[in-house]
Amino acid sequence: MGFFIYQISSGTAGYTRNLDLGNKFLLSEDYDSAISAFSKAIEIDSMKADAYIGRGDAYKAKGDYEKAWDDYEKAQELSGNISILIDKIGQTDITVVSEEGEGVNGATIKLNGNKHSYEFITDSTGHIAEVIFPEEYDVEVTKANYESANT
């Protein structure tokens, strides 16, 4: 029984040690070492969100948004905190207005990127606010009785 308890505390210490090391590497902008340390922490305990967030931050700093997105989604799932993607990636706000400058209710916005596509319907003010994967998109806006727009 004593050996089993030692293994649990050793694993917890290893997780914390790698998490702390990953954060130090992240602060010193040594992103590859940070990713390695956070990955070791995840190997020790894959059910804690902190290491996924740290590794996501390192991937994001390197410009690898796909891996960052995956880690932030996993952290969000594990923690139950539904705002991690908003906090880490940001929220995209789009407003569709008529020539008179009024918001267009019920306009369809289609975003088509290289890896991701989205479709949204504007609210009564012509607005949507969503978390989307950071990449370039072709945008198509349609609404009955309005001329379609592409950009």
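Asparagine 105 sits in the loop between strand 1 (92–95) and strand 2, and it makes a handy place to start a tour of this predicted model. With a relative accessibility of 42%, asparagine 105 counts as partly exposed. Looking back along the chain, threonine 95 is ten residues away in sequence, and the two C-alpha atoms are 9.8 Å apart in space. Once neighbours within four places in sequence are set aside, the contacts of asparagine 105 are Thr122, Asp123, Ser124, Gly126 and Lys143. Serine 124 shows up again at the level of single atoms: its backbone nitrogen lies 3.5 Å from a polar atom of the asparagine 105 side chain.

From that loop the chain runs on to strand 2, so the sheet comes next. What is the order of the strands in the open sheet? There are four of them, the order is 3-2-5-6, and the pairing is antiparallel. Strand 3 and strand 6 take the edges with a single partner strand each, so each of them has one side left without a neighbour in the sheet. Further in, strand 2 and strand 5 (residues 137–142) run antiparallel and are joined by six bridges. One residue to follow here is lysine 110, whose bridge partner in strand 5 is glutamate 140. Glutamate 140 also has a bridge partner in strand 6, namely asparagine 150. Strand 5 and strand 6 (residues 149–150) are paired over two bridges, again in the antiparallel sense. The hairpin made by strand 5 and strand 6 has six residues between the strands, and in this hairpin asparagine 145 takes a positive phi near 70°.

Aromatic side chains are worth a look too. A pair of aromatic rings is described by how far apart the centres are and by the angle between the planes. Across the whole structure, the search turns up three aromatic pairs. Why does the pair of tyrosine 118 and phenylalanine 120 count as stacked? The ring centres are 5.8 Å apart and the planes meet at 10°, and stacking calls for planes under 30 degrees apart, so the pair fits the label. Phenylalanine 120 is buried, because its relative accessibility of 13% falls under the 20% limit. Together with Tyr137, the residues Tyr118 and Phe120 form one aromatic cluster. Elsewhere, a ring has a charge for company: lysine 48 lies over the face of tyrosine 15, at 4.6 Å from the ring centre.

Charged pairs make up the next part of the picture. Side chains of opposite charge can pair when their charged atoms come close. The model has seven salt bridges in total. In one of them, the side chains of aspartate 71 and arginine 55 meet with an N to O distance of 2.7 Å. This pair links distant parts of the chain, with aspartate 71 in helix 4 (residues 65–79) and arginine 55 in helix 3 (residues 49–62), 16 residues apart. Are the two partners, aspartate 71 and arginine 55, buried or exposed? Both are buried. For arginine 55 the relative accessible area is 16%, which is under the 20% limit and therefore counts as buried.

Arginine 55 has other company as well. Its side chain makes a polar contact with the side chain of serine 39, at 3.1 Å. Beyond the neighbours within four places in sequence, arginine 55 is in contact with Ile35, Phe38, Ser39, Ile42 and Asp71. Serine 39 is thus among the contacts of arginine 55, and so is aspartate 71, its salt-bridge partner.

Two further salt bridges have partners outside the buried class. Lysine 115 and glutamate 66 form one, with the closest N and O atoms 2.8 Å apart. Lysine 115 lies in the loop between strand 2 (108–113) and strand 3 (117–121), while glutamate 66 is in helix 4, so this pair ties together parts that are 49 residues apart in sequence. Lysine 115 has 56% relative accessibility and counts as exposed, whereas glutamate 66, at 32%, counts as partly exposed. The other salt bridge pairs lysine 67 with aspartate 64, and here the closest N and O atoms are 4.0 Å apart. Lysine 67 is partly exposed at 42% relative accessibility, and aspartate 64 is partly exposed too, with a relative accessible area of 26%.

Conventions. Residues are numbered from 1 along each chain as its sequence is written. This is a predicted model: local features need pLDDT of at least 70, side-chain atom pairs count only at pLDDT 80 or more; totals for chains, interfaces and linings use all residues. Side-chain values use heavy atoms; hydrogens and water are left out. Helices (H or I, at least four residues) and strands (E, at least two) are DSSP runs, numbered from the N terminus. Buried means under 20% relative accessible area, exposed over 50%, partly exposed in between (1.4 Å probe, protein chains only). Contact means heavy atoms within 4.5 Å. A polar contact is a pair of N or O atoms within 3.5 Å; within protein, one must be able to donate a hydrogen and the other to accept it, and residues adjacent in sequence count only if both atoms are side-chain atoms. Two strands pair if DSSP finds at least two bridges between them. Rings of Phe, Tyr and Trp (its six-membered ring) pair if their centres lie within 6.5 Å; planes under 30 degrees apart count as stacked, over 60 as edge-to-face and the rest as tilted. A charge sits over a ring if NZ of Lys or CZ of Arg is within 6 Å of the ring centre and within 35 degrees of the ring normal.
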